[in-house]
Amino acid sequence: MILMQGKGVSKGVVKGPLYFFRRQDTTVGKTTVNDQSVEQARLQQAQEKAIAQLEALAERCREEAGDESAVLFETHAMFVEDEDFASCIQSTMEEENCNAEYAVQTAGEQFAAMFAAMDDAYMQARAADIRDVARRILNNLMGVVEGGIDSDEPVIVAADDLAPSETIQLDKSKILGFVTQGGSGNSHTAILARTMGIPAVCGLGDALKADYSGRLAYVDGETGSVVLEPDELTLATMREKYARQQEMNALYQTMKGQEDVTLDGKKVNVYCNIGSPEDVAAVLSNDGQGIGLFRSEFLYLAADDYPSEDTQFEAYKSVAAAMDGKRVIIRTLDIGADKQVAYFDMKKEENPALGVRAIRICLNRPEVFRAQLRALYRASAYGKIAIMFPMITSVWEVRECKRACQKVMAELEKEGIPFNKDTEIGVMIETPASVFVAEELAREVDFFSVGTNDLTQYTLACDRQANDLGKFFDPHHPAVLRALKMAADAAHKAGIWIGICGELGADVSMLPTFLAIGIDELSVSPSAVLPLRAAIRKSIAKTCTLEALEC
Ligand code: PEP
Ligand code: MG
């Protein structure tokens with residue numbers, strides 16, 4: 001038996017073959033080609049494959065999401081076949097006697113620039129489509145596996161570490177679990193695993209060896225153990241745990257359709273955190289009463305270029321429509337720190353967690369912010385969307401955000417595009433500064449949502465990414481809980497509600513403290529909804545105390 005011990009960061013017991021994630025080099029160089037006919041044949045094969053892939057995607061989309069969504073992939077297939085685009089690739093290859101990869105990349109850039117320079121906003125938005133199409137042909141030429149997992153059966157993905165942008169691009173249908181050498185429980189990769197309900201263990205260090213590839217592994221996302229060739233006792237323990245997990249799941253199913261209310265009548269809205277429109281299925285199947293945090297930056301992390309206003313609009317609209325009138329809080333772009341997006345071309349920073357991230361980027365790049373706000377307001381006509389701003393430290397930032405919203409609403413009004421002018425606006429409380437000015441902030445917005453992951457990081461001066469800070473990174477620290485209470489008091493004084501969307505919100509042991517503080521909403525990963533509801537329904541809010549705030 002081989003036993004590896006790490007830190008369990010997403011609960012659940014699972015078994016499956018280990019698959020080592022490989023980073024693929026997708027840089028394109030220019031090379032001289034000896035035989036152009038061989039190169040032309042490679043290109044043709046890559047184009048035919050792209051068309052087949054896009055037709056299959058359109059078909060799947062039509063079955064799952066209807067005709068409207070399928071049209072995008074059909075349009076992409078038409079781009080591949082477009083005579084001008086294809087002959088531009090061909091002539092570059094012939095004239096420069098170069099490789100197909102270089103010609104496809106050059107033609108893609110030329111056409112994208114041409115669309116981007118057009119006056120019409122719709123045509124400008126096609127630049128992103130043409131880049132997407134060129135990237136697909138390139139991937140086929142270079143043998144890059146889409147979804148990153150070259151396996152027909154689902155696997156346990158193993159890696160040294162995984163960046164959020166890498167995790168989000170993996171094909172979720174093929175992932176049974178994650179195991180990594182590095183990483184921390186508060187990193188966005190761990191958060192993503194919890195959102196997807198996939199067991200995960202991090203911090204396995206050198207014990208996780210690449211030559212274990214393909215071997216059957218048993219992963220316990222709670223205790224953090226990963227076992228190969230388990231002995232009888234370990235196997236029996238794992239099986240028992242799995243059976244208990246199934247039993248508990250069955251028990252939690254009885255919570256569906258029940259109200260999130262304590263025995264003495266205190267209502268706590270239990271909402272969900274999501275990273276993509278696909279996560280809505282898990283929200284609905286776990287009976288989440290709304291979405292308390294849609295991390296919109298994952299749309300940016302999953303793409304090779306800025307997602308257009310239209311692409312974002314479709315994503316937000318689909319979530320709003322699927323939630324059918326329930327509140328959907330969409331957080332504006334929160335990149336920077338561990339969430340790096342190459343095409344933003346950000347300057348390298350010494351301390352990125354304290355650098356130009358989140359709202360600071362949006363306020364520095366009004367054109368990026370505008371596209372997102374336009375998409376959000378357009379989508380507000382299709383459901384109950386609320387907009388939330390991350391990493392706020394000052395009142396002027398919120399005022400500037402609100403001015404940007406007003407400007408976008410005036411534009412849409414003029415263009416005759418429908419939107420909800422009463423769309424709620426909220427801020428995240430995740431910096432000590434925002435706690436200290438909470439009373440003033442509360443007068444500017446409709447709600448607060450506390451990001452306990454960052455609030456812990458910035459209050460305790462502990463890097464949330466570091467996996468060796470152990471007990472020093474403590475979201476239960478009285479300083480963090482007192483900050484929570486100060487923000488709640490400020491919110492209630494101004495007559496607005498306050499929720500928690502950081503990972504602490506799902507910690508059932510903290511529920512009495514949240515009730516004593518008067519938290520109105522808890523937003524958690526979809527799989528945590530029903531256990532939390534069960535705990536709320538057993539609680540008596542009146543008897544809860546603030547004991548945890550004492551040192
Ligand atoms: C938080 O900081 O608690 C939060 C919810 O935002 P994120 O984890 O995405 O930084
Ligand atoms: Mg945060």
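Arg 295 places a polar side-chain atom 2.8 Å from an oxygen atom of ligand 1. The model is predicted, and the distances below are computed from it. Glu 430 serves two partners: a polar atom of its side chain lies 3.0 Å from an oxygen atom of ligand 1, and Glu 430 is also a donor to the magnesium ion (ligand 2). The strands described here form an open sheet of eight strands and a barrel of eight strands.

**Ligand 1**
- Ligand 1 has 16 residues around it, and those that come nearest are His 188, Arg 295, Arg 331, Asn 453 and Arg 464.
- An N or O atom in the side chain of His 188 is 2.8 Å from an oxygen atom of ligand 1.
- His 188 belongs to helix α7, which spans residues 188–196.
- Arg 331 belongs to strand β11 (327–331), and Asn 453 falls within helix α17 (residues 452–460).

**Magnesium ion (ligand 2)**
- The protein donors are Glu 430 (OE) and Asp 454 (OD), at 2.1 to 2.2 Å from the ion.
- These two residues are 24 residues apart and link distant parts of the chain: Glu 430 sits in the loop between β13 (424–429) and α15 (432–436), while Asp 454 is in helix α17.
- Glu 430 has a relative accessibility of 2%, so it counts as buried, the limit being under 20%.
- Asp 454 is likewise buried because its relative accessible area is 3%, also under 20%.

**Open sheet**
- The strand order is β1-β8-β7-β3-β4-β5-β6-β2, and the pairing is mixed.
- At the edges are β1 (2–5) and β2 (7–10), each of which pairs on one side only.
- From one strand to the next, the twist averages 30 degrees.
- Strands β4 (residues 155–159) and β5 (residues 175–180) are paired in the parallel sense over five bridges, with Val 155 opposite Ile 175.
- Helix α7 lies across β2, β5 and β6 (200–202) and runs at about 55 degrees to β2.

**Barrel**
- The barrel closes in the order β9-β10-β11-β12-β13-β14-β15-β16, with parallel pairing.
- Its twist averages 25 degrees from one strand to the next.
- Four bridges join β14 (residues 447–450) and β15 (residues 497–500) in the parallel sense; within this pair, Val 450 has Ile 500 as its bridge partner.
- Helix α13 (residues 366–379) packs on the sheet against β11, β12 (384–389) and β13, and its direction makes about 155 degrees with that of β12.
- Helix α18 (residues 478–493) packs on the sheet and touches β13, β14 and β15, at about 150 degrees to the direction of β15.

Note on methods: Residues numbered from 1 in each chain as written. Chains lettered and ligands numbered in written order. Predicted model: local features only at pLDDT ≥ 70, side-chain atom pairs only at ≥ 80, totals over all residues. Heavy atoms only, no water. Donors = N, O, S within 2.8 Å, 3.2 Å for Na, K, Ca; no water. Buried < 20%, exposed > 50% of the residue type's maximum accessible area, 1.4 Å probe, protein only. Pairing = 2+ DSSP bridges. Axes fitted to C-alpha atoms, helices over the stretch in contact; angles between N-to-C directions. Contact = heavy atoms within 4.5 Å. Near = heavy atom within 4 Å. Polar contact = N/O pair within 3.5 Å; in protein donor to acceptor, adjacent residues only side chain to side chain.
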